[in-house]
Structure formats: structure tokens, C-alpha cells
Amino acid sequence: MKLTVFGATGGVGHEVVRQALAAGHEVTAVVRDPARLRVPAHDRLRVAVVGDLTDEDALVPVLAGRSAVISALGAANNKQAKAAPVTGPAVRAILAAMDRAGVTRLSALSAAPVGPPAQGESVVTRAVVFPLLRRLLRDLYADLAVMEAELRASGAEWTVIRPPMLRDKPHTGRYRRAIDANVRGGRVIPRADVADALLTTLTDPAYTSHTVGVAS
């Protein structure tokens, strides 16, 4: 596939680029600062510098002729508890540019606390962990919720990946998935496995127009 990856310099994004190239895909990595891209030069890698991800006109050229889009923007890229909306406005512009460029498929990174706790989840998680996270990072999760709403309202063929706490661990490919739910007992997952989920759901129609909880 020919992929455009947003958030390519983030912890999940650089893994998406690395794994996509290893799988034989052609990748356009959209960045603000090329020096922050932690992936070696490759003949199937194009680096596109876009300073404003809400600039629809600037996004159309990096999407033209692409097979699909991956947004690794979000929780992995912004660790501030109080942060200006980033992901929602960016994905709104990305969707509009995709429509103009004739691209329909998108896989996007969100976070587990945006959705409800898994059925049968522990009382501690339901009554303490999720409420605490939502209070501490309310602006961040509100931004991701807006992003998800933009996808649902669009005509795109979208998939949202909702991981729990991210870890810098090796790619395993062995993790649990739950469609339209969070993973019961899911506490952590390697960023590399989240990248795997963002990539592999692109080619499986079973995940189209669904949120997908992932966890180790």
C-alpha cells in the first residue's frame, strides 16, 4: 500500500513508519521537524513537512495517490494534562483533504479511557482508575473524543485503536483485541504493538467503522 502517516515522529508513529517499510509499503511521513524522525532514510520513504495540520490545502498533496492514512496523533504525542485541542482539529482537516484527494481508508490512534471500561472489569478500574484518568487528562481525552466524533460523522472508512498505558517495549504481535469495547484487564501495551494494530486493521474489513480496544 501507499500510506500517509501523521504523527510520524511520536512514539507510536515512528513504529508505524518502521513497520510499514519493513512490510513493503510505500510511506509518506508527515512531520513538522524532519530532524525528529527516528527512521533511517529509505527508498520507499518520503518525508513531507507540514507546519499546520489544520491547513486542508497543505494536506491534499501529501494524500494524493495514497491508498490509506494512519493518524498516530493523540495521547502518544501530547502528555500535558491541560492541552489545547490538537487531534480533533487536525483529523477534521485530514478528513476534508482525504475527500478532496479521493482517499477513503483511515486508521487512527485514540486511548482506552475515551471509551467505557470493559464489561466485567474490576471495581477498582471502573470506580477509581478510569474516573481518575479522565479527571487528570480531561482536556486530552476530550480532544480524542472530538476526533472520534469527526470520524463517525465522516464518509471515511475508519478504524479507531484504543490502547491503555503505552510502554517502550519490543514488538510482539501478541496482544488482545476487542471490537467496540476495551480489553478486560488491559493495563499496558507496547507502542510497537499499537503500531501493529493501526497497520493490520487497515486491510481487514471486519474493523471498518469500529473502535478496537487493544492490550497485552
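## Burial, helix packing and backbone geometry in a predicted model

Ile70 is buried, its relative accessible area being 0%. This residue belongs to strand S4, which covers residues 68-71. The model is a predicted one. Leaving aside neighbours within four places in sequence, Ile70 is in contact with Thr4, Val5, Phe6, Val16, Ser107, Leu198, Leu199 and Leu202. Between the C-alpha atoms of Ile70 and Val12 there is a separation of 11 Å, although their positions lie 58 residues apart along the chain when counted as a sequence offset.

### The chain as a whole

The secondary structure of the protein chain consists of six helices and ten strands. The C-alpha trace spans about 50 × 35 × 30 Å along its principal axes. A compact globule of 216 residues would have a radius of gyration near 17 Å, and the 16 Å of the protein chain agrees with that expectation. Of the 216 residues, 51% are buried. Among contacts with a separation of 6 or more, 71% are between residues 24 or more positions apart.

### Individual buried residues and helix H6

Two further residues, Val62 and Glu15, illustrate burial within helices. Val62 is found in helix H2 and is buried, with a relative accessible area of 4%. Not counting residues up to four places away in sequence, Val62 touches Thr4, Phe6, Thr28, Val30, Arg46, Ala48 and Val50. Thr4 and Phe6 are also among the contacts of Ile70. The C-alpha atoms of Val62 and Val47 are 9.5 Å from each other, with the two residues 15 apart along the chain.

Glu15 is part of helix H1, residues 11-22. Its relative accessibility is 13%, and because the cut-off for burial is under 20%, Glu15 counts as buried. With residues up to four places away in sequence set aside, Glu15 touches Ala192 and Ala195. Both of these partners are among the buried residues of H6.

Helix H6, residues 191-200, is mostly covered, with nine of its ten residues buried. Those nine are Arg191, Ala192, Asp193, Val194, Ala195, Asp196, Ala197, Leu198 and Leu199. Leu198 and Leu199 also appear in the contact list of Ile70.

### Helix packing around H3

Helix H3 takes part in two helix pairs, set out below.

| Helix pair | Crossing angle | Axis distance | Handedness |
|---|---|---|---|
| H2 (residues 56-63) and H3 (residues 87-101) | roughly 55° | within 8 Å | right-handed |
| H3 and H5 (residues 138-153) | about 20° | 7 Å | right-handed |

The axes of H2 and H3 come within 8 Å and cross at roughly 55°, which makes H2 oblique to H3. The contact is formed by Glu56, Asp57, Leu59, Val60 and Leu63 of H2 together with Ala93, Ile94, Ala96, Ala97, Met98, Arg100 and Ala101 of H3. By residue class, this contact has nine nonpolar, no polar and three charged members.

What is the relative orientation of H3 and H5? With an angle of about 20° between them, and because angles under 35 degrees count as roughly parallel, H3 and H5 are roughly parallel to each other. From H3, the residues Thr87, Gly88, Pro89, Val91, Arg92 and Leu95 meet Asp143, Leu144, Val146, Met147, Glu150 and Leu151 in H5. The residues of this contact comprise seven nonpolar, two polar and three charged.

### Positive phi values in loops

Most residues other than glycine have a negative phi. Which residues depart from this with a positive phi although they are not glycine? Asp180 has a phi near 55°, and Ser209 has one of about 65°.

Asp180 is situated in the loop between strand S8 (176-179) and strand S9 (188-190). Its relative accessible area is 45%, so Asp180 is partly exposed. Ser209 occupies the loop between H6 and strand S10 (210-215). With a relative accessible area of 39%, Ser209 is likewise partly exposed.

Technical notes. Residues are numbered from 1 along each chain as its sequence is written. This is a predicted model: local features need pLDDT of at least 70, side-chain atom pairs count only at pLDDT 80 or more; totals for chains, interfaces and linings use all residues. Side-chain values use heavy atoms; hydrogens and water are left out. Buried means under 20% relative accessible area, exposed over 50%, partly exposed in between (1.4 Å probe, protein chains only). Helices (H or I, at least four residues) and strands (E, at least two) are DSSP runs, numbered from the N terminus. Axes are lines fitted to C-alpha atoms, for helices over the stretch in contact, and angles run from 0 to 180 degrees between N-to-C directions. Angles under 35 degrees count as roughly parallel, over 145 as roughly antiparallel, 65 to 115 as roughly perpendicular and the rest as oblique. A crossing is left-handed if the near helix is turned anticlockwise from the far one by less than a right angle, and right-handed if clockwise. Contact means heavy atoms within 4.5 Å. Ala, Val, Leu, Ile, Met, Phe, Trp, Tyr, Cys and Pro count as nonpolar, Asp, Glu, Lys and Arg as charged, and the others, Gly among them, as polar. The radius of gyration is taken over C-alpha atoms; the globule rule is 2.2 Å times the number of residues to the power 0.38.
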